[in-house]
Amino acid sequence: MSHDDESAPSSHVADQIAGHVADALAAVAALTSMQDLDERGGAIVGKRSALAVMQRSLAGLSPDQRRDVGARLQEARRVVEEAVASRRAELLASARTQRLEADRLELGDVVVQRRPWPLTDGHAGLVSTTQAQLEDVFVAMGYEVADGPQVESDWYNFEALNIPPAHPARGMWDTFYVGLGDPETVVLRTHTSPTQVHLMESAVATGTLPIHAVAPGRCFRRDTPDARHLAVFHQIEGLVVDRGITFADLAGTIETFTRAYFGADIDSRLRPSYFPFTEPSAEFEITCTICRGEGCRTCSHTGWIELGGCGMLDPAVFDSVGIDAEEWSGFAFGFGIDRCAQMKVGLSDMRALIENDVRFLDQFA
Ligand code: PHE
């Protein structure tokens, strides 16, 4: 901009600005990757951009013109910055899709590895192997695998999941408290559901919704071990937050998982249930593999074994992590890895998993 146009700068300057905006928008549309954006973003919106250079030349104008041209430039930069932000979101999403595609396995490729007998060295235990197989099934279905802490604050384990202090639903989980901080504020997690809260919080903070993730890990409850329960056990949590997710997606996911992991001759069913963090909620059961549905001691003569719980995410949970329930919906499930192992290999009593009898353990090398 030169001092000659001081008399009637507006239309000429406006054209010039419009030209820079058009160039910048074309450059934004031509960005092909995050790396591209990192390298060229500065020339489009940064100090080296045409609009920024123009802004620095305002000093030579009269106050009135400076105000007018300044406002136009500011608006122009806002338009370009918005275009860059939305291109960034697109590029991030496509990088993520590519990463998931690269990880995808055929469901038929998920096989149990067996090694020859006798064994001379150690090996992963049945539960670890089961966890790895479950992860494989969900990775094949397009999920990411996440991790979460085993020691949690009351907020993550309960409150953020719509279970306020003294809520009667706390009785669903017999909790081990850790002697840290104020009494009963730090817990050994009673389920993997607090990982849902961590996953949603970090997706909100980094702008990386949607979420399709599973999070396996150790959980703790003050339960007396019996044929189907251990005090230290493992769950795998599933979390999907996306647009337009319905209960049908949840039911289809559970069905697909059961077929892929247990095979076509094992049935699954959902039964109405209650969890404070899902609505509606369901319990997820499969045919007892010990009696094939006939009824036995392990399944308390029902023919069914409960693997876990699931449901549509309650808007109260979205509220506690700052996700807009008008825009997003989702489902969660959480089920026992030890139970899956038990049902997969036909173990009538789960306590065998913690007895450390090498004759038992070596069968699962
Ligand atoms: N966390 C619940 C439990 O351990 C299971 C669950 C997970 C239910 C996710 C609903 C959704 O009892």
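**Reading a ligand site, its pocket and unusual backbone features**

Tutor: In this predicted model, an N or O atom in the side chain of Arg221 is 2.9 Å from an oxygen atom of the ligand.

Student: Which side chain places a polar atom by a nitrogen atom of the ligand?

Tutor: One reads such a contact from the distance between two N or O atoms, with a cut-off of 3.5 Å. Here a polar side-chain atom of His191 lies 2.9 Å from a nitrogen atom of the ligand. Trp173 also has a polar side-chain atom, 3.4 Å from an oxygen atom of the ligand.

Student: How much of the ligand surface does the protein bury?

Tutor: The ligand exposes 330 Å² when taken alone, and the protein buries 94% of that area.

Student: How many residues surround the ligand, and which come nearest?

Tutor: There are 15 residues around the ligand, and the nearest are His191, Ser193, Arg221, Gln235 and Gly334. By class, this shell consists of six nonpolar, seven polar and two charged residues.

Student: Which elements give two or more residues to that shell?

Tutor: These are the strands β5 (232-242), β8 (304-313) and β9 (329-336). The greatest share comes from β9, which gives three residues.

Student: How does one find a pocket, and where does the ligand sit?

Tutor: The general idea is that a probe the size of a water molecule, rolled over the atoms, shows where empty space is left. In this structure the ligand sits in the largest pocket, whose volume is about 800 Å³.

Student: How many residues line the largest pocket, and which lie nearest its centre?

Tutor: The lining has 40 residues, and Arg221, Gln235, Glu306, Gly308 and Arg339 lie nearest the centre of the pocket. Two or more lining residues come from each of β5, β6 (268-275), β7 (278-287), β8, β9 and α10 (337-345). For the pocket lining the greatest contributor is β8, with seven residues. The lining divides into 15 nonpolar, 13 polar and twelve charged residues. Arg221 and Gln235 thus appear in two lists: among the residues that come nearest the ligand, and among those nearest the centre of the pocket.

Student: Turning to the backbone, which peptide bond before Pro210 is cis?

Tutor: The angle to read is omega. For the bond from Leu209 to Pro210, omega is near 0 degrees, and the bond is cis. Pro210 is placed in the loop between α7 (194-206) and β4 (211-220). Another cis peptide bond joins Glu279 and Pro280, with omega about -5 degrees. Pro280 belongs to strand β7, one of the elements that contribute to the pocket lining.

Student: What is the phi value of Asn162, and is it positive or negative?

Tutor: Phi of Asn162 is near 70 degrees, which is positive although the residue is not glycine. Asn162 is found in the loop between α6 (154-157) and β3 (186-188).

Methods
Residues are numbered from 1 along each chain as its sequence is written. This is a predicted model: local features need pLDDT of at least 70, side-chain atom pairs count only at pLDDT 80 or more; totals for chains, interfaces and linings use all residues. Side-chain values use heavy atoms; hydrogens and water are left out. A residue is near a molecule or strand if one of its heavy atoms lies within 4 Å of it. A polar contact is a pair of N or O atoms within 3.5 Å; within protein, one must be able to donate a hydrogen and the other to accept it, and residues adjacent in sequence count only if both atoms are side-chain atoms. Accessible areas come from the Shrake-Rupley method with a 1.4 Å probe; for residues, only the protein chains shown count as cover. On a 1 Å grid over the protein atoms alone, a cavity is a set of points where a 1.4 Å probe fits but cannot get out, and a pocket is an open set with protein on both sides within 12 Å along at least five of seven lines; lining residues have an atom within 4 Å of a point. A molecule sits in a cavity or pocket if more than half of its atoms lie within 2 Å of its grid points. Helices (H or I, at least four residues) and strands (E, at least two) are DSSP runs, numbered from the N terminus. Ala, Val, Leu, Ile, Met, Phe, Trp, Tyr, Cys and Pro count as nonpolar, Asp, Glu, Lys and Arg as charged, and the others, Gly among them, as polar. Grid points are joined across faces, edges and corners, and a volume is the space filled by probe spheres set on the points.
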